[in-house]
Amino acid sequence: MKSRYEVEQEELAALLEGEPAFRASQIFDALHQGLKIPSEMTNIPKTLRGQIDELLPPALIERVKLVGDKGMTTKWAFALHDGAIIETVLMEYRNRVTVCVSSQAGCAMNCSFCATGQAGFSRHLTTGEIVEQVITAAREAAPRRLSNVVFMGMGEPLANYNNLTRALRRLSGPVGISARHLTVSTVGMVPAMAKLADERLPVSLAVSLHAANDELRSELVPINKRYPLDVLHAACASYFDKTHRRISFEWALIDSVNDRDQDIEELAEYASSLAAHVNLIPLNPTPGYLVRGSTPERVKAFAQGLEDRGVTVTVRNTRGREIDAACGQLAGSQAVSIRPNA
Ligand code: SAH
C-alpha cells in the first residue's frame, strides 16, 4: 500500500473509483495546500474521510518530538513502516521558516565528522516519506507559512535521485514552495549534479566542500576520491551556466584542520572562480569525531579573510544543539534514546 503523500493525483483518482470526478483534486489539494489530515477534511463526506485514512496511511510515526532554542527549533524522530528511524528539524526565524529534511535513513557517504555517516546506511526514503516530513513541519509552523526546505538532514539526496526529484516537483507544484527556496545539499555527486542541471527545476544547490585541496577533502569527504575538486569544479560551473542559480559551498570549520590561513586562500580561489557563496558553520560535536569546532574568534577571522578576497560569506548560527538537532548530529537510532525532558 502506498503512503499518504506517495500517490500522485491520478493514482488518487484511481483509488477513488466510483466517487465524483472532482473528489481526487479536492482531496489532493486538501492534503498538499490545506495541510489537512483526513478527519479535518470537513468538505467531504465523513465515511469517505475514514476511507481515505485507511487507503492512504501516513508514512511517519512520531517517536520523539523535542523543542529547543526557546521554542524556535523542533526536532522529530520518526519511525518508518519498516522500523527505520529518520529525523526532521523545523527552524523558525524572524523572516523565514525552514525545515531540514532527511532524504535517506542513514547515509553511505561516510564523512568523518558527521553523525549520520558514522551510523551507516539503511535505505532510500520514498517520495511520500520526504514530502510528509515537509507537511508535518508546515502543520507545526502554522499559522506561519513554511517558506524554505533544505535537504540537509540525514542522507545524500542526490544518491536518491528519482525519489528526490519527484519530491521536489511535488513541493514546488502542489505544495506551493518556490523552487529557489528548495535547497539540495550534496557531497558532490557529479553525475547527478549534471542530471539535475538539465531538469526544469531551478532549485538551489549547496555543495559540502569543507576543504579545497584534494588531500584534506578526501579525508573529510571520501567521495572526493571518486570526484576530485577539479571535476567538482566543472560540475558546479555547468550547473551555474545552465540554471543561473548561484552555487553555495558549505564549510564546517574544524579547529586547526580546515580553518588555517592556507584554507582561506584555497577556498577563496575555488569559490570566486565560480562566483559561489560560502556558508560557514562551526563544526558541531559528534561522538565519532573528536576534533573541536573552530573558536568564535577564528570563525570571524576566517569569514573576514574570505570577504577580503571578494567572497560573499554567511556565518550560520547553530540551531538545536541542545536537542542534538544541529548539522551533522542527526543519527536516527540515537534519537530514540533521548528522553524529552532529560
Ligand atoms: N549529504 C548531504 C546533505 C546532508 S548533511 C551533504 O553532505 O551535503 C548537511 C550539511 O551538514 C553538510 O554540509 C554536512 O557536511 C554538514 N555537516 C555534517 N556533519 C556536521 C557537523 N558535525 N557539524 C557541522 N556540519 C556538519
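**Figure 1. Two domains in one chain.** The domain assignment divides this predicted model into domain 1 (9-55) and domain 2 (61-338); such bounds come from an automatic or database domain assignment. Taken over C-alpha atoms, the centres of domain 1 and domain 2 are 34 Å apart. Where the two parts meet, 8 residues of domain 1 are in contact with 6 residues of domain 2 (contact means heavy atoms within 4.5 Å).

A word on reading these views: residues are numbered from 1 along each chain as its sequence is written, and side-chain values use heavy atoms, with hydrogens and water left out. Because the model is predicted, local features need pLDDT of at least 70 and side-chain atom pairs count only at pLDDT 80 or more, while totals for chains, interfaces and linings use all residues.

**Figure 2. The whole chain.** Follow the chain and you will meet 11 helices and 12 strands; helices (H or I, at least four residues) and strands (E, at least two) are DSSP runs, numbered from the N terminus. The radius of gyration is 21 Å, which agrees with the value near 20 Å for a compact globule of 342 residues. That radius is taken over C-alpha atoms, and the globule rule is 2.2 Å times the number of residues to the power 0.38. Along the principal axes, the C-alpha atoms fill a box of roughly 65 × 50 × 35 Å. Of the 342 residues, 54% are buried (buried means under 20% relative accessible area, exposed over 50%, and partly exposed in between, with a 1.4 Å probe and protein chains only). Among contacts with a separation of 6 or more, 67% are between residues 24 or more positions apart.

**Figure 3. S3, ahead of the first helix.** Look for S3 in the segment before α1 (9-15). S3 counts as buried because its relative accessibility is 12%. Setting aside neighbours within four places in sequence, S3 is in contact with L56, P57, A59 and G128.

**Figure 4. E140 and its contacts.** Helix α5 (residues 127-141) is home to E140. With 32% relative accessibility, E140 counts as partly exposed. Beyond its neighbours within four places in sequence, E140 is in contact with K65, W76 and L90. You can also find T74 in this view: E140 and T74 are 66 residues apart in sequence, yet 8.9 Å apart in space, C-alpha to C-alpha.

**Figure 5. A cis peptide bond at P143.** The bond that joins A142 and P143 is a cis peptide bond, with omega about 10°. P143 itself belongs to the loop between α5 and β7 (148-151).

**Figure 6. H210, a loop residue with positive phi.** H210 sits in the loop between β9 (204-208) and α8 (214-220). Its phi is near 65°, a positive value in a residue other than glycine. Is H210 buried or exposed? H210 is buried, since its relative accessible area is 7%.

**Figure 7. S256, another loop residue with positive phi.** The loop between β10 (248-253) and α10 (261-272) holds S256. S256 is not a glycine, yet has a positive phi of about 60°. A relative accessible area of 55% makes S256 exposed, whereas H210 in the previous view is buried.
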